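This briefing reviews a single protein chain, topic by topic. Please consult the sequence and the model shown below alongside the text.

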Amino acid sequence: MKKFTFKGVLDGFRSSAPQPPRVDQEIVETLRPDHFTVAKTFRHGFPFQPTAVAFDPIQHLLALGTKSGSLRLLGRPGVDSHMQHETDAAVIQIQFLTNEGALVTATSDDSIHLWNFRQKKPEVVHSLKFQREKITYIHLPLQSKWLYVGTDKGNIHVVNIENFQLSGYVINWNKTIDPTRKTHPGAIVHLSDNPADSSKLLIGFNCGQLVLWDLRSRCAEIRWQATEGLLSVAWHHEGKQFVCSHSDGSLSTWQARQQSAKPFSISTPHAKPNKDGKLDPCKPIQKVEWKGLRTTGEAYLIFSGGLPHDTAGRAPSITVIHGKTTTVLEMEHNVVDFITLCESPWVSDFQDPYAIVVLLQNDLVVIDLLTPGFPCFENPYPMDIHESPVTCCTYFADCPSDLIPAFYSVGSRTQKRTGFSEREWPVDGGEWSPTSCSYNEIIITGHADGSVKFWDASAGTLQVLYKMKTAKVFEKPRTKSTECSGMDDDPFAIQLISLCPESRKLCIAGASSHIILFKFRKQEATNETWKLEIPVNYEHLEEGGEYSPDYEYPPRQTIKTEVASEAKEVGPLRVRTGLQKKPPGFQAYLVCISIGLHGEPSSQITALCINSSYRLVAYGTECSIVVVDTEQRVCVLNMMTPDLYGSADPYQRVPRSPKRLNETSNEDRCRSPTSDQASLEEVDAKEDQQQEKSRRHSVPWRKKKFSFRKMRLSNVKAPNKEMLNFEEAPNAPTPTPEQPSPAESASFEEAFEAVEEVLLRESPTEEVLEADSPSPVAPPRTKRKQRPQTLSLENNQPEMLTRKVSSPALNMKVRDLRRVEEDASSWDAVGRVMKKLNKLDSSFSRSRSSSMSSLENISNESVQCLAFVDSYTRKSDSSPCPTLWVGTSLGSVLTVMITQPVSVEARLTTPVVLQPCGTIFRLKGTILTMSFLDCNGALIPYSYETWKDEKQEASKERSRWKVLQNYIETCSVEARPSISPTTTASTSAAEQFGDRQFAVLVSEKHARVVALPSQNCVYRQQLAETNFVVKSEIISLRDSICLVCYLSSGQLSAYTLPSLRPLIYMDFLPLADLRIARTFCFSNRGHGLYLCSPTEMQKFTVSAEFCQSLNEMVGEMFLTREMPEPPKESFFRGLFGGGSRPLDREELFGESSGKASRSVAKHIPGPTLEGMNQRATSASSEVSRAHQMMVERGEKLGVLEERAERMRNEAESFSTSAHQLMLKYKDKKWYQL
């Protein structure tokens, strides 16, 4: 409930006083198309399906490649860059150009790419695509510009990375193998230089063939043949030995300076002898590394895999052998790749390893080698978004400033992680300074295991603040049985999240048709969790019952207590009872569970909305709407969606009756549409026979047969003038205000009379069945009596709470705001009249389904959108009142009026009354969002109560309310309208005051702006034609508001409000996955996000102002750092030829090697190089054009100079003649002339 103060009461009096209407008021819309720029900003999370990893030992940057062709560059927290190849080919290998600000990637489409990340936005400089061979391995020696490329055919090509040109130097496979070998050696799996002699290249084939190639002499110096398949090779830093890993889980060590048929040593680290004395078979060792340690002289031998095959339950592992100690580090996921981080980048020196980066299938682990026990570093990146699959997310930009500190304080107390290394995170490359942001951003993610995570997304970062588990509210589920066979595998999965940031009240909807209301508290508390079981709102026919032919479907809410208790027994979730100790943060307060009758699965929750001021929670399902009073912990509304229409329901409903659990079988789950149709006809026939037998013989209409589908038409009243008050969209494509003409009013008067005559002649007599008596009432009947509806509710207390909510007959008003006129086929008589009027569009075509007439059978109408607001429900309203607006899947917008007590004491005991108001607006497509504007075009904020500590504020609240109680009650009673229909006097008052609000209604196809309380559609816009709108939202941007939409065709569009003038329509993201549609969301200031993969979150913006400041928020990747000096050779080592020998690769691979064949590979310049070439071409053309203009200007200046010289000469001649003439007539008199 809102806070009341003396100032607020006086302001309320001023606002409720009559004010003269503003006739010439014009709403100024300040947004322009140049204020919008669509751009992807930040990507967070773990790269989905990783394939490769690399590390720059000088810049301390980590690169990760994925199966979809994306790259992630990671440095210190805040330094994170995402890159994407033009193709979606998988990244198979990454090589850094050490300390040069570039890297080379090899992709599965047989291409290599050179990336430059010296600038904040990395770009591709060159690409080279091989035409005939597939790339299997690449190797780039330190401080070399020549890249070795191995292929599947066993050949090795050399590429100059400066210009990406192939060298003429090629190592063919037939030159490397033994001439006596008769088979192909296979693909290249390893390439590396000898650390002691860079002129010797070690080549490894997957068949086990090893060749030491002399680059100078262009021949094979030594050959070795392993007995098992080769997977990887690692050199010792002295260059005298190398170790190989094999497919049988063995490691073999070979001498580099002698050719031998057998390896120097061979071992199987994890193999154990069996009963026969033979070693057990082991899994392959995928990769091995051999790193020396300067301090002790003992080397680290690190490898992945190699565990025995028959070990049950053994997880993937990394094995570290240091001296005589062997440590097996088990991993939670499969190992994709690993790399050892070393102090020295030189392979010919002691490299002193200090950490291991292990790339797992779903995680990134960094192991500390310098701490005993090899603990892991705590990962500072938000790579645990997918700890449990994300099922929904909510984005709050510009949220209250005290929210993030509150979440962080409770999160730091409840989530203390131990067992990590105390050393600093080793990947600390780049530079990033946190920029001060004027607003805070929070992202809330819901997960499949029922957990909810709160993230701080301010200033381009993502940091987890707080995590809670909603599954703790319930008892641990039993093993899966028949009672849960129809449930989802994740019964606690979060489907919807609704948060009131100001009051810190959170409501979530789960997969088991349950909602949980949480209240935020800073301290630990011990209390109970209230439970409310809400039965499914269906009734089934009992055998032997007698029913009127006017029996309604769906029926009024009359659920018996024993039915609710029966449903309770088959409920899938059970709330923990008794006092519960709850940690600080969000604490469960109320749980509402929808219970299906007789074991029928309950409907999924499709919409959720919470209002802390009204203290109400509303949620919609696939067939009904439920409103719960969170203050009194009771259900105040449980109504089927068709009941919201009252007598103006434009659809004919297909009846639903809950199936008993024992009636369902496997045959029912695998039926064809034709069999369903036949079975439905049989059911209708049986129902007709049962109803005919059950009726009393004294009833005169007993011979007439009725079915549920036929009965629906008998309940339709003759529409009055208010029911047919439809409007037609203008033919002009641009949105313009509408004004009714006198001709339209005259045509309506004639139409009403014709419709009334047709209805009286063709429609059956109306009849109603009393709730308290099953016997029919004899026709004719002119009035429909009010029927009580009873809801049986339960909490975890022993007593039962039962409340009756009256639902009188409603005089519904239908306003069809759709534009396209279609044919109504079922009601022929009325349809003919409506066709003549060209006003009634009584059909609806769902954008993603086949078209259906308004009178065709409708099985379900789900609630898709809910909004609490102080608004106008009738034309006669002179002041706003609390209302609930409901949007459905069939494009209907209905209103429910809320009447609640004024004082705090009365609010605790007096029931809240909700009543459908009868106002209906119809659009085409599912309703996506609804918002409300004031008369100045500003967004009306939702009402809320500020957060307070309940224990501290309880006494203050009571004393303050006692002082203001009488005064506030008087003011509120005068301001709030009654439930009864408003009189004509108030209608005239509303006309005098004019419209005070605009309701913005957005569906999958159209957007409408309706003025309230007059209910005139003033603006309309078609949002989509062949496609549909996936997500739409009214957001604030640059101190204004606009409507932004994401379409199924991948475009983003924006429209001004309230005029719905188009601003942008730009390509953004193809709707390739339903995950995008489920997680796509907009927020204020033009921000938005979606899950681009199951493990990654992509943020974007439509604000041009934010895009301009985006470069300042991004971290700097490349920093200028000095390269460490190479190791010095000892005097004796150099004297006896044991040191490394320099190699002039330019002489070997340069122009002297000749030109490579053009058919081997094709060079593709990057967009940067192309842009530079284009800019250079355009610059040269500009220079030549400027030169030509200068020449022309010089010629013109020469002509002008000649003319000036000629004029000067003529002037001198004229001066001389004038002087002579003056001297001639100087001494003469006038009469002598």
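Histidine 237 is in contact with Pro195, Gly292, Val347, Ser348, Asp349 and Phe350, leaving aside residues up to four places away in sequence. The model is predicted, and its protein chain has an average pLDDT of 77, with 70% of the residues scoring at least 70. The points below cover the setting of this histidine, several strands and their pairing, aromatic and charge–ring contacts, and confidence.

**Histidine 237**

- Histidine 237 lies in the loop between strand 18 (230–235) and strand 19 (241–246).
- Its relative accessible area is 10%, so histidine 237 counts as buried.

**Strand 4 and its two hairpins**

- Strand 4 (residues 70–74) is largely enclosed by the rest of the structure, because five of its five residues are buried.
- In a regular strand, side chains alternate between the two faces of the sheet.
- In strand 4, Ser70, Arg72 and Leu74 point one way, while Leu71 and Leu73 point the other way, and all are buried.
- Strand 3 (residues 61–66) runs antiparallel to strand 4, and four bridges join the two.
- Within this pairing, arginine 72 of strand 4 has leucine 64 opposite.
- Strand 3 and strand 4 make a hairpin with three residues between them, and glycine 69 in the turn has a positive phi of about 90°.
- Strand 4 also pairs with strand 5 (residues 80–84), in the antiparallel sense and over five bridges.
- Here leucine 74 has aspartate 80 of strand 5 opposite.
- A hairpin is likewise formed by strand 4 and strand 5, with five residues between them; glycine 78 in that turn has a positive phi of about 105°.

**Strands 14 and 15**

- Six of the seven residues of strand 14 (residues 188–194) are buried, so this strand is largely enclosed by the rest of the structure.
- Strand 14 pairs with strand 15 (residues 197–205) over six bridges in the antiparallel sense.
- Two residues connect strand 14 to strand 15 in a hairpin.
- Serine 192 faces leucine 202 of strand 15, standing opposite that residue.

**A four-stranded open sheet**

- Strands of a sheet pair through backbone hydrogen bonds, either parallel or antiparallel.
- An open sheet of four strands follows the order 10-11-12-13, and its pairing is antiparallel.
- Strand 10 (135–139) and strand 13 (165–171) are the edge strands, each pairing on one side only.
- On average, neighbouring strands of this sheet are turned by 30° against each other, direction ignored.
- Strand 10 and strand 11 (residues 146–151) run antiparallel and are joined by four bridges.
- Isoleucine 138 has valine 149 of strand 11 opposite.

**Aromatic pairs**

- There are 31 aromatic pairs in the structure.
- One of these is the edge-to-face pair of phenylalanine 520 and tryptophan 947, at 6.0 Å centre to centre with 65° between the planes.
- This pair links distant parts of the chain, 427 residues apart: phenylalanine 520 belongs to strand 35 (residues 514–521), and tryptophan 947 to the loop between strand 55 (927–934) and helix 11 (950–975).
- With a relative accessible area of 4%, phenylalanine 520 is buried, whereas tryptophan 947, at 24% relative accessibility, counts as partly exposed.
- Tryptophan 885 and phenylalanine 921 form a stacked pair, 6.1 Å centre to centre and with 5° between the planes.
- The stacked pair also links distant parts of the chain, with tryptophan 885 in strand 52 (residues 881–888) and phenylalanine 921 in strand 54 (residues 913–922), 36 residues apart.
- Both tryptophan 885 and phenylalanine 921 are buried.
- A cluster linked by ring pairs includes Phe520 and Trp947, together with Phe407, Phe454, Tyr466 and Phe586.

**Charges over rings**

- Lysine 519 places its charged end over the ring of tyrosine 589, 3.9 Å from the ring centre.
- Arginine 633 places its charged end over the ring of tryptophan 530, 3.6 Å from the ring centre.

**Confidence**

- Among the elements of the protein chain, strand 2 (residues 50–56) has the highest mean pLDDT (97) and helix 7 (residues 708–714) the lowest (31).
- Residues 539–570 stay under a pLDDT of 50, and the model has 88 contacts for them beyond four places in sequence.
- The pLDDT is also below 50 over residues 689–812, a stretch with 249 contacts in the model beyond near neighbours in sequence.
- Where pLDDT is low, the predicted coordinates should not be read in detail.

Conventions
Residues are numbered from 1 along each chain as its sequence is written. This is a predicted model: local features need pLDDT of at least 70, side-chain atom pairs count only at pLDDT 80 or more; totals for chains, interfaces and linings use all residues. Side-chain values use heavy atoms; hydrogens and water are left out. Rings of Phe, Tyr and Trp (its six-membered ring) pair if their centres lie within 6.5 Å; planes under 30 degrees apart count as stacked, over 60 as edge-to-face and the rest as tilted. Buried means under 20% relative accessible area, exposed over 50%, partly exposed in between (1.4 Å probe, protein chains only). A charge sits over a ring if NZ of Lys or CZ of Arg is within 6 Å of the ring centre and within 35 degrees of the ring normal. Contact means heavy atoms within 4.5 Å. Two strands pair if DSSP finds at least two bridges between them. Axes are lines fitted to C-alpha atoms, for helices over the stretch in contact, and angles run from 0 to 180 degrees between N-to-C directions. pLDDT is the predictor's confidence in each residue, from 0 to 100.
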